[in-house]
Amino acid sequence: MSDPTTLFRTWMSHPFRTALLVPSGRALAVAMTREISSSQSPVVELGPGTGVFTRQLILRGVPQERIALIESATSFAHMLRRQFPAAALLDIDATELRRCDPFNGEKIGTVISSLPLLTMPAWRVFAILYGAFHILRPEGAVYQFTYGWQCPVPDSVLDRIGLEATFTEWVFANAPPAQVYRIARRPDAIGRA
């Protein structure tokens, strides 16, 4: 099954879980992974979908076996298993991330998120980020993109967990254009999540 067909069928089944009918483009994948190398692994990818960011992570030197893919859509999961057989593939809800241990106790270096945070209630966004920072190393970061005009994480969520979101770049070559954010612990909040 081709990527567009899989994307369309998954969107029809779960329109609020799958953000768009168009997969993220290579330009957005480059922007989302620009600061990541093998030294920031292992990497957890939330909602990898068709695998465009996963492929870019591998091109940046992150070995497949140092990537954990969190994907609950069965159609995407089957495709991802074929494309990335050495990556860990986990069928869990992203709100349960704090219970996730794909690398046998090793803390995660980076989380890449394709989740449509703008469509989620604040409690879900909180649970996802709280879980991500529970499994991340102290200097680890979450990379998130949005089609909106500001960070998709509410300030109340950032403040509650002790995080700061830094805009990294606009990606106009993506359809639609997207913004990329790096979310990290505030220096005064290291160790809170």
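## Aromatic pairs

In this predicted model, the count of aromatic pairs comes to 6. One of them joins Phe167 and Tyr181: the ring centres are 5.8 Å apart and the planes stand at 70°, so the pair is edge-to-face. An angle over 60 degrees is what places a pair in that class.

Phe167 belongs to strand S6 (residues 163-171) and Tyr181 to strand S7 (residues 178-185), so this contact ties together parts of the chain that are 14 residues apart in sequence. As for exposure to the surroundings, Phe167 is partly exposed, at 38% relative accessibility. Tyr181 has a relative accessible area of 8% and is buried, because buried means under 20%.

## A stacked pair and a cluster

Trp170 and Phe172 also form an aromatic pair, and this pair is stacked. The distance from centre to centre is 5.2 Å, with 15° between the planes; planes under 30 degrees apart count as stacked. Trp170 is partly exposed, with a relative accessibility of 26%. Phe172 reaches 61% and therefore counts as exposed, since the exposed class covers values over 50%.

Aromatic residues are also found together in a group of three. Phe53, Phe145 and Tyr147 make up one aromatic cluster.

## A charge over a ring

An aromatic ring can also be considered together with a charged side chain. Here the ring is that of Phe126, and the charged end of Arg160 sits over it. The distance from this charged end to the centre of the ring is 4.2 Å.

## Salt bridges between distant parts of the chain

The structure holds 8 salt bridges. Among them is the one between Arg182 and Glu35, whose closest N and O atoms are 3.5 Å apart. This pair links distant parts of the chain: Arg182 is in strand S7, while Glu35 is in the loop between helix H2 (26-33) and strand S1 (43-46), and the two are 147 residues apart. Arg182 has a relative accessible area of 26% and is partly exposed. Glu35 is likewise partly exposed, at 42% relative accessibility.

A salt bridge also forms where the side chains of Glu106 and Arg66 meet, with 2.8 Å from N to O. This pair, too, links distant parts of the chain, with the two positions 40 residues apart in the numbering. Glu106 lies in the loop between strand S3 (88-90) and strand S4 (108-113), and Arg66 lies in the loop between helix H3 (52-59) and strand S2 (67-70). Glu106 is partly exposed at 34% relative accessibility, and Arg66 is partly exposed at 23%.

## A network of salt bridges

Arg186 and Asp188 form a salt bridge in which the closest N and O atoms are 3.1 Å apart. Asp188 is exposed, with a relative accessibility of 59%. This salt bridge can be placed in a wider setting: Asp159, Arg186 and Asp188 are linked in a network of salt bridges.

## Cysteines

How many disulfides does the structure hold? The number is 0. Two cysteines can nevertheless be described by their accessibility. Cys100 has a relative accessible area of 10% and is buried. Cys151 is at 15% relative accessibility and also counts as buried, because both values fall under the 20% limit for this class.

Terms used
Residues are numbered from 1 along each chain as its sequence is written. This is a predicted model: local features need pLDDT of at least 70, side-chain atom pairs count only at pLDDT 80 or more; totals for chains, interfaces and linings use all residues. Side-chain values use heavy atoms; hydrogens and water are left out. A disulfide is a pair of cysteine sulfur atoms within 2.5 Å. Buried means under 20% relative accessible area, exposed over 50%, partly exposed in between (1.4 Å probe, protein chains only). Rings of Phe, Tyr and Trp (its six-membered ring) pair if their centres lie within 6.5 Å; planes under 30 degrees apart count as stacked, over 60 as edge-to-face and the rest as tilted. Helices (H or I, at least four residues) and strands (E, at least two) are DSSP runs, numbered from the N terminus. A charge sits over a ring if NZ of Lys or CZ of Arg is within 6 Å of the ring centre and within 35 degrees of the ring normal. A salt bridge is a side-chain nitrogen of Lys or Arg within 4 Å of a carboxyl oxygen of Asp or Glu.
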